[in-house]
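Here is a briefing on selected local features of a two-chain model. Please keep the structure open while reading.

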Amino acid sequence: MEKNININLKVWRQKGPKAKGAFETYKLDGISVDSSFLEMLDILNENLINEGKEPVVFDHDCREGICGMCSLYVNGHPHGPDEDITTCQLHMRKFKDGETITVEPWRSAGFPVIRDLMVDRTAFDKIIQAGGYVSVNTGGIPDANAIPISKIDADEAMDSASCIGCGACVAACKNGSAMLFVSAKVSQLALLPQGRIEAARRAKAMVAKMDELGFGNCTNTAACEQECPKNISISNIARLNREFLKAKLAD
Amino acid sequence: MTKIDSKIPQGPLERKWTNYKDHQKLVNPANKRRLDVIVVGTGLAGASAAASLGELGFNVLNFCIQDSPRRAHSIAAQGGINAAKNYQNDGDSVYRLFYDTLKGGDYRAREANVYRLAEVANSIIDQCVAQGVPFAREYGGLLDNRSFGGAQVSRTFYAKGQTGQQLLLGAYSALSRQVNQGSVKLYTRYEMLDLVIIDGRARGIIARNLVTGKVERFSAHAVVIGTGGYGNTFFLSTNAMGSNGSAVLQCYKKGAYFANPCFAQIHPTCIPIHGEFQSKLTLMSESLRNDGRIWVPKKKEDAEAIRAGKLKPTQLKEEDRDYYLERRYPAFGNLVPRDVASRAAKERCDAGFGVGSGLAVYLDFSDSIKRLGMKTVEERYGNLFQMYEKIVDENPYETPMMIYPAIHYTMGGIWVDYELMTSIPGLFSIGEANFSDHGANRLGASALMQGLADGYFVLPYTIQNYLSDQIGVPRFSTDLPEFQQAENEINEKIAKLMSINGKRSVDSIHKELGHIMWDYVGMGRTKESLETALKKLKEVKKEFWSNVRIPGEPNTLNVELEKALRVADFLEIGYLMALDGLNRNESCGGHFREEYQTPDGEALRDDEHYSYAACWKYIGEDQDPELIKEPLDYEFVQRQQRNYKA
């Protein structure tokens, strides 16, 4: 049944990467609990535009939890207080009438702020470019069923491959580490015979790139797994460490 | 009268593509390095094309509006990808995939194109497996399949309910490898705003850096458009918020024909609309129709009681439920094609049998849970059920889902010949952006197939036939007057938008456009409704250009300006859709003109008069475009009225 709530918003506003940012407060009345969090921000922006002010900038696209474009630190949690979802799937029914909601960008050395709540995550692309692939060209490939793969391995690879590259793991980590992201890709490909061939090279190249780009180290706090909207397990990090050590020992 | 040459190769259907490849012109490796190709878009089509062209040795510039190529909207495709591997031994073949696709499209696609699509589909599966795409497998280690609408075989490969994601990440990984090797340069957060033509050939683009707001010039020997469909003309659709038709419309305005704009697909299984603030509609995968049964109450009083909250669907006895798809289409049941399923839902709701707000029907899994067990249903559809529960706040394991049709995909797009080249030499179009191989209706799990077929296995061949005589052409300077002029025009357009300073937000006008489209150019169209649409669309266009308000500055990041530039183009696309729909006095696939239907409510085609692709040629601002017809000759297949009943 339709129910409305009134809320107060504390939103981080920052003109550019080098500019000094600050919180601004806004009051929003009559927000339907059936609206999504981003639809609530749409309403805020519509109000701001009608007042002749600049709307709050935030990243978003598919609004169904798969593109990984949306971010936002909501009340101290990447992707907000609900579990296993991205911000775009968060709904206002998770908030109370009269509540003050704090909205911040991802805060991490690896993800500089572009404006307001929008951050630059190209570092993730650079890590994948360093080795997050199987080196095959288009065409000349044997039949898809030529190499049987155990369903257990294929399913596990699929779980790792579910990562949407949103960066919540980095934002959640006190060290700003990208280990969950890197390990998910390394695991997915290491589990499959097609990716196994380059596993050592891949692990080394991706870890080296991650270090170079200023991401921190992993100290096993598991905050990343806790906040990951896609439930990527830290057992991936254990697998990455094994792959990495094996590769280093072979050097 | 302009003549259209679709360049279909000679010979029997199954030899055409081989014949083409055997005789086409190629570019040698040393010359490839000297040739630049711009690819706009990084979805399945764009990323696979950019990666494959880079592997071949071309110098590729690849653009996307998102912060990363991996976020293109192909990522959201859920259900699967078709291929005629016949791994299930259920009678599938290349011919059958070709035939199903052609028939599913209501015989409004080219035979030769569709055959080629079916032919290369098998290689796509091989390619993706080699890239490490974790498709679903059986315990024996081989690939699993499921069924999709419009087919009686199981030919759909899938990766949970995230097939688009996994295929796109596969293409993205291939693309990333080429970026690492230096053959592809990525331009993320860039939006193409115009096409640059020099001496009649596509030679570059004007694009806006979305972070700095700077308008920049890029030159190349050929330009490839893979920017997806224009479903967001309707404001509410299953498309991503940023999906737009602007690149396509810019090409149209520079002379590329826009073909069959009225062919839009309305997907039957989306979560119903719940409020005016709503920003998008969420799709529930067609794969759910494998195991879910669609129904509404048999009696009107039950439907009324359910709508009033006095009765729960689970309380309704079996004999009081109308499984209307199974009733009307016994042979295909719940797996009829999307256009048929959407219209049937609308028919029941219009007749007063809808549930929820009245514009919803049930998709029920209780029988499947009984038959297969909770665990199997969860394994197959768990992520979709979770998505539904987060949005609607109801548990679909316990109570049936509510669904209703929504705009999902556009079959229309830039006209291309057999080589995927548009009517502008050197301009190519791939994936959903072109008018493609789906005719008047696309079958489920065929969009991924077509996007990757174009990008991996068709364009990398056909583009060479064009580029082979460009090897002596030196790289273009972006200081040429054509670039200067195109950039000036864009800057003027932006300045004009910023200067309006009216009273309405971009979104409010976009929503108004969306309402007009849904009400008058939606699931059921008539001559009157389309004429009304044309009139209203002119008014809303005027309103936009005189009363829109864009805060901020143009020469910096400005999200409202980005949206305004897209909505300006949606307004024109909406007009084209209505115009095309009005011209096509027949019903076919997703285009349902209420005047043209069989006695039992099925689409009534008129092959005698409308067996053509309607290609619209731009002739000037505020003038109706010229219609050019590409006749569709059916040499190999006998056309029939589509029958999913027996």
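The notes below go through helices, sheets, loops and single residues in turn.

This is a predicted model. In chain A, the focus is on helix α3(A) and its packing against α5(A). In chain B, two open sheets come up, one with antiparallel pairing and one with parallel pairing. Strand β15(B) and Arg566(B) serve as examples of buried parts.

**Helix α3 of chain A**

- Helix α3(A) covers residues 151-161 and includes Lys151(A).
- Lys151(A) has a relative accessible area of 16%. The cut-off for buried is under 20%, so Lys151(A) counts as buried.
- Lys151(A) reaches across to the other chain: it is in contact with Arg137(B), Glu138(B) and Tyr139(B), leaving aside neighbours within four places in sequence.
- Helix α3(A) packs against α5(A), residues 179-191, at an angle of about 160 degrees, and the two axes are 8 Å apart.
- That angle makes the pair roughly antiparallel, because angles over 145 degrees count as such.
- The crossing of α3(A) and α5(A) is left-handed.
- From α3(A), the contact uses Asp153(A), Glu156(A), Ala157(A), Ser160(A) and Ala161(A). From α5(A), it uses Ala184(A), Ser187(A), Gln188(A) and Leu191(A).
- By type, the residues of this contact are 4 nonpolar, 3 polar and 2 charged.

**Antiparallel sheet of chain B**

- Here 4 strands form an open sheet in the order β16-β10-β18-β19, with antiparallel pairing.
- The edges are β16(B), residues 413-414, and β19(B), residues 626-631; each pairs on one side only.
- Strand β10(B), residues 258-259, is joined by 2 bridges to β18(B), residues 612-617, and the two run antiparallel.
- Ala259(B) stands opposite Cys615(B) of β18(B).
- Helix α17(B), residues 559-583, packs on this sheet and touches β10(B), β18(B) and β19(B). The direction of α17(B) makes about 140 degrees with that of β18(B).

**A buried arginine in helix α17 of chain B**

- Arg566(B) sits in helix α17(B).
- Its relative accessibility is 9%, so Arg566(B) counts as buried.
- Arg566(B) touches Ile65(B), Glu191(B), Gly242(B), Asn244(B) and Ser246(B), with residues up to four places away in sequence not counted.
- One of these contacts spans a long stretch of chain: Arg566(B) and Ser246(B) are 320 residues apart in sequence, yet 5.8 Å apart in space, C-alpha to C-alpha.

**Parallel sheet of chain B**

- A sheet of 5 strands has the order β5-β2-β1-β9-β17, is open, and has parallel pairing.
- Strands β5(B), residues 184-187, and β17(B), residues 427-429, are at the edges. Each has a single partner strand, so one side of each lacks a neighbour in the sheet.
- Neighbouring strands of this sheet are turned by 20 degrees against each other on average, direction ignored.
- Strand β2(B), residues 59-63, runs parallel to β5(B) and is joined to it by 4 bridges.
- Within that pair, Leu61(B) has Lys185(B) of β5(B) as its bridge partner.
- Helix α3(B), residues 44-56, lies across β1(B), β2(B) and β5(B). Helix α3(B) runs at about 160 degrees to β2(B).

**Strand β15 of chain B**

- Strand β15(B) spans residues 401-410, and 10 of the 10 residues are buried, so the strand is largely enclosed by the rest of the structure.
- In a regular strand, side chains alternate between the two faces of the sheet.
- Strand β11(B), residues 264-270, runs antiparallel to β15(B), with 5 bridges between them. His267(B) stands opposite Ala406(B).
- Strand β14(B), residues 361-364, also runs antiparallel to β15(B), with 3 bridges. Tyr362(B) stands opposite Met402(B).

**Positive phi outside glycine**

- Ala222(A) has a positive phi of about 65 degrees although it is not a glycine.
- Ala222(A) lies in the loop between α7(A), residues 199-212, and α8(A), residues 223-227. At 25% relative accessibility, Ala222(A) is partly exposed.
- Asn501(B) is another non-glycine residue with positive phi, near 50 degrees.
- Asn501(B) is placed in the loop between α14(B), residues 481-500, and α15(B), residues 506-520. At 55% relative accessibility, Asn501(B) counts as exposed.

Terms used
Residues numbered from 1 in each chain as written. Chains lettered and ligands numbered in written order. Predicted model: local features only at pLDDT ≥ 70, side-chain atom pairs only at ≥ 80, totals over all residues. Heavy atoms only, no water. Buried < 20%, exposed > 50% of the residue type's maximum accessible area, 1.4 Å probe, protein only. Contact = heavy atoms within 4.5 Å. Axes fitted to C-alpha atoms, helices over the stretch in contact; angles between N-to-C directions. Parallel < 35°, antiparallel > 145°, perpendicular 65-115°, else oblique. Left-handed = near helix turned anticlockwise from the far one by under 90°. Nonpolar A, V, L, I, M, F, W, Y, C, P; charged D, E, K, R; others polar. Pairing = 2+ DSSP bridges.
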